[in-house]
Amino acid sequence: MHRQEAVLVASDMERVMIVGDTTPKRKESLALLVMEQFKQKGIEANLVKNRTNSEGHKDQVVLETEVGLIHLVATSSVDPNAGFPTGSYETNSQTYLADKDYVAYGWNTKDKRTFVMFVDPADVKGKESLSKSEIRDLKNKELSFVVK
């Protein structure tokens with residue numbers, strides 16, 4: 001497994017917003033936000049790239065933390081009604097959920113807030129998509145946060 005320490009070198013605005021023009025860049029940006037928040041709570045977290053899970057799915061970016069393994073999903077859409085697909089784009093497979101303790105969904109809003117919501121993978125399994133509203137309803141209240 002390839003581990004690396006994340007160093008925040010972005011401007012203050014980038015540190016509280018999910019940035020990136022590609023999915024892997026947005027996932028890394030979300031990972032940095034989560035790591036910073038966890039650090040403030042005294043929770044250790046390590047960024048892991050290219051990890052293969054027990055179902056053979058290769059994760060681009062995940063977080064290994066004291067609260068478990070976290071899958072990261074970030075969107076560039078600020079549409080409040082936008083949803084997140086919960087399966088792979090090609091096969092609708094959910095093998096990415098294997099071994100995960102949480103799925104962290106992250107998005108920015110039109111008013112420059114950033115939502116980071118942690119959902120139990122059992123609540124994702126079998127669904128084709130989740131709306132931002134559904135994610136807020138399913139969130140783990142202790143881990144989820146909003147950056148203003």
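**Exercise 1. Threonine 86**

Task: Decide whether threonine 86 is buried or exposed, then place it in the chain and list what it touches.

Solution.
Step 1. Threonine 86 has a relative accessible area of 0%, so it is buried. Buried means under 20% relative accessible area, exposed means over 50%, and partly exposed lies in between (1.4 Å probe, protein chains only).
Step 2. This is a predicted model: local features need pLDDT of at least 70, side-chain atom pairs count only at pLDDT 80 or more, and totals for chains, interfaces and linings use all residues. Residues are numbered from 1 along each chain as its sequence is written, and side-chain values use heavy atoms, with hydrogens and water left out.
Step 3. Threonine 86 sits in the loop between strand 5 and strand 6. Helices (H or I, at least four residues) and strands (E, at least two) are DSSP runs, numbered from the N terminus.
Step 4. Not counting residues up to four places away in sequence, threonine 86 touches Gln94, Tyr96, Tyr105, Val124, Lys127, Glu128, Ser129 and Leu130. Contact means heavy atoms within 4.5 Å.

**Exercise 2. Leucine 130**

Task: Find which strand holds leucine 130, and which residues are in contact with it.

Solution.
Step 1. Leucine 130 belongs to strand 8, residues 129-131.
Step 2. Its relative accessible area is 1%, so leucine 130 is buried.
Step 3. Set aside the neighbours within four places in sequence. Leucine 130 is then in contact with Gly83, Phe84, Thr86, Tyr105, Val124, Ile135 and Leu138.
Step 4. Now take proline 85. Leucine 130 and proline 85 are 45 residues apart in sequence, and their C-alpha atoms are 6.6 Å apart in space.

**Exercise 3. The whole chain**

Task: State how many helices and strands the protein chain has, and give their pattern along the sequence.

Solution.
Step 1. The protein chain has three helices and nine strands.
Step 2. Read along the sequence, the pattern is β-α-α-β-β-β-β-β-β-β-α-β.
Step 3. Of the 148 residues in the protein chain, 44% are buried.
Step 4. Take contacts between residues at least 6 apart in sequence. In the protein chain, 60% of these join residues at least 24 apart.
Step 5. The protein chain exposes about 8100 Å², and carbon and sulfur atoms supply 46% of that area. Accessible areas come from the Shrake-Rupley method with a 1.4 Å probe; for residues, only the protein chains shown count as cover.

**Exercise 4. Salt bridges**

Task: Say how many salt bridges there are, then work through three pairs.

Solution.
Step 1. Apply the rule: a side-chain nitrogen of Lys or Arg lies within 4 Å of a carboxyl oxygen of Asp or Glu. The count comes to four salt bridges.
Step 2. Glutamate 28 pairs with lysine 49, the closest N and O atoms being 2.9 Å apart. This pair links distant parts of the chain: glutamate 28 is in helix 2, lysine 49 is in strand 2, and they are 21 residues apart. Glutamate 28 has a relative accessible area of 25%, so it is partly exposed.
Step 3. Lysine 100 and aspartate 59 also form a salt bridge, at 2.8 Å from N to O. Here too distant parts are linked: lysine 100 lies in the loop between strand 5 and strand 6, and aspartate 59 in strand 3 (residues 58-65), 41 residues apart. Both lysine 100 and aspartate 59 are buried.
Step 4. Lysine 25 and aspartate 21 meet at 3.4 Å, N to O. Lysine 25 is partly exposed at 49% relative accessibility. Aspartate 21 is exposed, at 62%.

**Exercise 5. Positive phi**

Task: Find the phi of asparagine 50 and of aspartate 99, and place both residues.

Solution.
Step 1. Recall the background. Most residues other than glycine have a negative phi.
Step 2. Asparagine 50 is not a glycine, yet its phi is positive, about 55°. Asparagine 50 is found in strand 2. Its relative accessible area is 49%, so asparagine 50 is partly exposed.
Step 3. Aspartate 99 is not a glycine either, and has a positive phi of about 75°. Aspartate 99 is in the loop between strand 5 (83-85) and strand 6 (102-108). Its relative accessible area is 37%, so aspartate 99 is partly exposed.

**Exercise 6. Glutamate 44**

Task: Locate glutamate 44 and name its contacts.

Solution.
Step 1. Glutamate 44 is in the loop between helix 2 (23-41) and strand 2 (45-52).
Step 2. At a relative accessible area of 49%, glutamate 44 is partly exposed.
Step 3. Leaving aside neighbours within four places in sequence, glutamate 44 is in contact with Glu64, Thr65 and Glu66.
Step 4. The C-alpha atoms of glutamate 44 and threonine 65 are separated by 5.6 Å, and the two residues are 21 apart along the chain.
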